[in-house]
Amino acid sequence: MEEKGDGSSGLTNNCDLPEDSGSLKSPDEESSENSAAQYNGDLKSVLVTSVLNLEELDVDLYRGTHHWVPRSQRLFGGQIVGQALVAAAKSVSDNLYAHSLHCYFVRAGDPKVPVLYQVDRTRDGRSFTVRSVKAIQHGQPILICQASFHKLQPSPLQHQFTMPVVPPPEDLLTVEELIHIYLSKPDLAEKSKQGLNKLLANEVPIEIKPVHPPHFYRLAAADPKKLFWVRARGYIGEGNIKLHCCVAAYVSDFAFLGTALLPYPNYRAQFSASLDHAMWFHNTFRSDEWMLYECESPWAGGSRGLVQGRLWRRDGVLAASCSQEGVLRVKPVTEPSKL
Ligand SMILES: CC(C)(COP(=O)(O)OP(=O)(O)OC[C@H]1O[C@@H](n2cnc3c(N)ncnc32)[C@H](O)[C@@H]1OP(=O)(O)O)[C@@H](O)C(=O)NCCC(=O)NCCSC(=O)CCCCC(=O)O
């Protein structure tokens, strides 16, 4: 079964720019990998040293802190999902791997306080094990998540779509490099300059290279599809499949919902937030190596939008699939864009 994909990637304001259990090794346990603390000149990823390094408070109870908070000043959904998966994985044995997760974001996360993760050991079976995780702030759930883990079981049934043909990441510019180009435009409005400088100051722990960078001055309606290369900033190292899944869960929420806005350049999101997020892990991968994120939105309506994504390893292996619905409350852009 084959599918050729193509799409565009835009830089829009809110979306595009931009441990015991033994089941998840803590970063400190990865001594051999620590010796390689530098990777392509990068330090160890803050995603593993900090964001996904949960503090154990009690049995099946963890606390997570924040690194990067979006401009909306609500916690980044990918962070909460990634941390919930870390918490779930801590109570499953080493020979079980996350194959899917299903989450609802039920309240906005408060960046001023940490998040507690309470794990319920829902079921342990012969092949599959299910964990339910509640992320809590101020005594109330902000996310409910169910994650399922599976033993490796080979099967003759094996197929996947074909990865879209795109330029390699080495031939493309990062979001930051694109912003510098935009900033060098002589007639750039002061307000736009400020906005772009704010984006540059963001410490997003993810690197992104859009396959089709948008024309800064020409905001045209586009198909609700985009493609970008993405990887965690810094070194993570190979060998810890569970940790890479947690990092991918973090990464997969970034710039995802914005795909549904691409056909509507004459509207801007007044309020947008992911409502749910589902993910399926198919093959091993390294989240600190470039992966192609292929995103599309098959539907929008009723102030909501549906987005679907595929994360490809650069060798063409389908690593993971994602799905999300978000609330999209928009208003017309009243003034002609004077970027
Ligand atoms: C807000 C959620 C989605 C629930 O909504 P609702 O049931 O409407 O909650 P309320 O508390 O009743 O209202 C909240 C807010 O919205 C206003 N509102 C409600 N209905 C309407 C309407 N029909 N028209 C206009 N406005 C309406 C209401 O007045 C309130 O306004 P306020 O008083 O000014 O607050 C709730 O479930 C929720 O927040 N869930 C969490 C969502 C979330 O946080 N998701 C994860 C973060 S999003 C993300 O990470 C995306 C990535 C961003 C990074 C990137 O890619 O760049």
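What pLDDT does the chain average, and what share of the residues score at least 70? In this predicted model, the chain averages a pLDDT of 87, and 85% of the residues score at least 70. The scores for the model are ipTM 0.92 and pTM 0.88. A stretch to read with care is residues 1–41, where pLDDT stays under 50; for this stretch the model has 131 contacts beyond four places in sequence.

One annotated region helps with orientation. In an unreviewed entry, UniProt lists residues 67–150 as "domain: Acyl-CoA thioesterase-like N-terminal HotDog". In the model, this span is 49% strand and 15% helix, and the C-alpha atoms at its ends lie 30 Å apart.

Charged pairs come next. Across the whole structure, the search finds 13 salt bridges. One of them joins the side chains of Glu55 and Arg63, with an N to O distance of 3.1 Å. Both partners can be placed by their accessibility: Glu55 is partly exposed at 40%, and Arg63 is partly exposed at 31%. The side chains of Lys112 and Asp110 also meet in a salt bridge, at 3.6 Å from N to O. Here the two partners fall into separate classes, since Lys112 has a relative accessible area of 73% and is exposed, whereas Asp110 has 17% and is buried.

A further salt bridge is found between Glu207 and Arg231, whose closest N and O atoms are 3.0 Å apart. Glu207 belongs to strand E7 (residues 206–210) and Arg231 to strand E8 (residues 225–232), so this salt bridge ties together parts that are 24 residues apart in sequence. Glu207 is buried, with a relative accessibility of 12%, and Arg231 is buried as well, at 15%. Elsewhere, Arg286, Asp288 and Glu289 are joined into one network by salt bridges that share partners.

The aromatic side chains add another layer to the picture. The count of aromatic pairs comes to 6. Among them, Trp68 and Phe76 have ring centres 5.2 Å apart, and the pair is edge-to-face because the planes stand at 70 degrees, which is over the 60 degrees that this class requires. Neither residue is left open to the surroundings by the accessibility criterion: Trp68 is buried at 8%, and Phe76 is buried at 6%.

Phe76 also pairs with Phe254. The centres of these two rings are 6.0 Å apart and their planes lie at 80 degrees, so this pair too is edge-to-face. The contact between Phe76 and Phe254 links distant parts of the chain, 178 residues apart. Phe76 sits in the loop between strand E2 (61–64) and helix H3 (77–89), while Phe254 sits in the loop between helix H6 (241–252) and strand E9 (267–281). Like Phe76, Phe254 is buried. With Tyr250 included, ring pairs link Trp68, Phe76, Tyr250 and Phe254 into a cluster.

Finally, there are charges placed over aromatic rings. Lys242 lies over the face of Tyr97, 4.6 Å from the ring centre. For Arg314, the charged end sits over the ring of Trp229, at 5.9 Å from its centre.

Note on methods
Residues numbered from 1 in each chain as written. Heavy atoms only, no water. pLDDT = per-residue confidence, 0-100. Contact = heavy atoms within 4.5 Å. UniProt positions renumbered as here; feature names shortened; annotations may be inferred. Helix = DSSP H or I, 4+ residues; strand = E, 2+ residues; numbered from the N terminus. Salt bridge = Lys/Arg side-chain N within 4 Å of Asp/Glu carboxyl O. Buried < 20%, exposed > 50% of the residue type's maximum accessible area, 1.4 Å probe, protein only. Phe/Tyr/Trp six-rings, centres within 6.5 Å; stacked < 30°, edge-to-face > 60°. Lys NZ or Arg CZ within 6 Å of the ring centre and 35° of its normal.
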